[in-house]
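This report goes through a structure from its interior to its charged pairs. The sequence and coordinates come first.

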Amino acid sequence: MSTPTNTWAPYGVELTSRFLLGTAGYPSPQVLAHSIAASGTQIVTVGLKRTLAAGGDNGFVEIVRTAMQEHGAHLLPNTAGCRTAREAITLAHMARELYGTPWIKLEVVGDEHTLQPDPWGTVDAAAQLTRDGFAVFPYCTDDLVTCQRLLDAGCEVLMPWGAPIGSGQGLINPFALRTLRARLPGVPLIVDAGIGAPSHAAAAMELGFDAVLLNSAVAQAVDPVRMARGFGLAIQAGRAAYEAGVMAPQDMAVASTPVSGHPFLIN
Amino acid sequence: MPETLIPVEATLRFNEHTLPCPDGLTLAALLDAQGMDANQIATAVNGEFVPRALRAQTWLAAGDTVLTFQAIVGG
């Protein structure tokens, strides 16, 4: 029996898991550690913040590093909070030094209410970071031309949103996502942001996306560990469905049982 | 009566604080004086990243803004 766990390879790194998990907002470091384990993820996202006099991280980062060593997974630092290309480039360099990886989840926010990425700032930053030797995972909208420009800038992976960050709305524009998949064959595509339920993740995978990145849907669940497992199963199911080929929908009923007309010929 | 010049102490911004900035102060020396674990932070001076290897050769001037960043969880 074939399994839905065939590999994919962002920036040449072969992975079996198609579930990228964020590490923010968990009720405790222990729940985060167990959620990482339950998810089966091989990529977890992390961040940077300015050092403030008050407050540490309560051991969360150490939990992430330990979990990564145990599972052999990869860190994907982000540039969350950046509003300009310059800010994002500076933060990316800091992340590379702190985390020891050239991978960077590039975020340049263009709107405060939707946290919609700024396409111009994102493309500019992606081009510079590529020249600086980074492997850029750009968080972007589902706009096809923006995605093409990001590829032109040197990105080998794209991460279009399903919906605004943390909204849990799922895939608000399946048409645009289908278009991306159709127009960019062979490009690793990750739906990032907006996923609220495992069914949303499965739907993204059924569209042919290579992976899903989410955080809040697990961290804010009543039972994050069980939800992480649920998402892992849904992502596998969606991938299996894509590989198997989902049937074409029909407007009208099509009988599935081959009864050859009416069962009884009365009158 | 001659005017009395009151010396104005040269200062810089370090994260949330205003600190003296004596002549010859390097970024590495500032971090050490502030008790920072040099390997657990990344640094920027006036918005520009300063790699760890260059901190000892980065001289600070009055009015500079020094920020340090640390690892945190993230989405």
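What follows covers the nonpolar cores, two helices, the cysteines and the salt bridges.

The model is predicted: local features need pLDDT of at least 70, side-chain atom pairs count only at pLDDT 80 or more, and totals for chains, interfaces and linings use all residues. Residues are numbered from 1 along each chain as its sequence is written, chains are lettered from A and ligands numbered from 1 in the order in which they are written, and side-chain values use heavy atoms, with hydrogens and water left out.

## Nonpolar cores

A nonpolar core is a set of buried Ala, Val, Leu, Ile, Met, Phe, Trp, Tyr and Cys residues joined through side-chain atoms within 4.5 Å. Buried means under 20% relative accessible area, exposed over 50%, and partly exposed in between (1.4 Å probe, protein chains only). In soluble globular proteins, nonpolar side chains tend to be buried together.

The largest core here has 83 residues, and A:Val136, A:Ile190 and A:Leu214 have the most contacts inside it. Helix α3 of chain A (residues 85-99) supplies the largest share of this core, 9 residues. Apart from it lies another core, of 14 residues, which includes B:Phe14, B:Met36, B:Ile41 and B:Leu60.

Contact means heavy atoms within 4.5 Å. Leaving aside neighbours within four places in sequence, A:Ile190 is in contact with residues including A:Trp8, A:Leu20, A:Phe137, A:Val157 and A:Phe209.

## Helices α3 and α4 of chain A

Helices (H or I, at least four residues) and strands (E, at least two) are DSSP runs, numbered from the N terminus. The expected span of a helix is 1.5 Å times one less than its number of residues.

For α3(A), with 15 residues, the expected span is 21 Å, and the end C-alpha atoms are 21 Å apart, which agrees. This helix is mostly covered, as 12 of its 15 residues are buried. Among them are A:Ile89, A:Leu91, A:Met94 and A:Leu98, along with the polar or charged A:Thr90, A:His93 and A:Glu97. Just after α3(A), A:Gly100 takes a positive phi of about 70°.

Helix α4(A) (residues 119-131) has 13 residues and reaches 18 Å from its first C-alpha to its last, close to the 18 Å expected. At its N-terminal end, A:Asp118 acts as a cap, with a side-chain oxygen 2.9 Å from the backbone nitrogen of A:Trp120. The buried residues of α4(A) include A:Val123, A:Ala126 and A:Leu129. The buried residues of this helix pack against α3, β4 (103-106), β5 (135-140) and α5 (144-152) of chain A. Just after α4(A), A:Gly133 takes a positive phi of about 90°.

## Cysteines

A disulfide is a pair of cysteine sulfur atoms within 2.5 Å. The structure holds 0 disulfides over all chains. The sulfur of A:Cys82 is 15 Å from the closest cysteine sulfur, in A:Cys155, too far for a bond. For A:Cys155 the closest cysteine sulfur is in A:Cys140, at 8.2 Å, also too far for a bond. A:Cys82 is buried at 5% relative accessible area, and A:Cys155 is buried at 4%.

## Salt bridges

A salt bridge is a side-chain nitrogen of Lys or Arg within 4 Å of a carboxyl oxygen of Asp or Glu. The whole structure has 9 of them over all chains. Three are tabulated below.

| Pair | N to O distance |
|---|---|
| A:Glu112 and A:Arg83 | 2.6 Å |
| A:Arg86 and B:Glu48 | 2.8 Å |
| A:Arg181 and A:Asp210 | 2.9 Å |

A:Arg83 is partly exposed at 32% relative accessibility. The pair of A:Arg86 and B:Glu48 crosses between chains, from helix α3 of chain A to strand β4 (residues 48-50) of chain B. A:Arg86 is partly exposed at 49%, and B:Glu48 is partly exposed at 43%. In the remaining pair, A:Arg181 is buried at 12% and A:Asp210 is buried at 14%.

A:Lys105, A:Glu107 and A:Asp192 are linked in a network of salt bridges. A:Asp192 lies in strand β7 (residues 190-192) of chain A and is buried at 3% relative accessibility. Not counting residues up to four places away in sequence, A:Asp192 touches A:Lys105, A:Tyr139, A:Met159, A:Pro160, A:Trp161, A:Gly162 and A:Leu213.

Notes: Polar contact = N/O pair within 3.5 Å; in protein donor to acceptor, adjacent residues only side chain to side chain.
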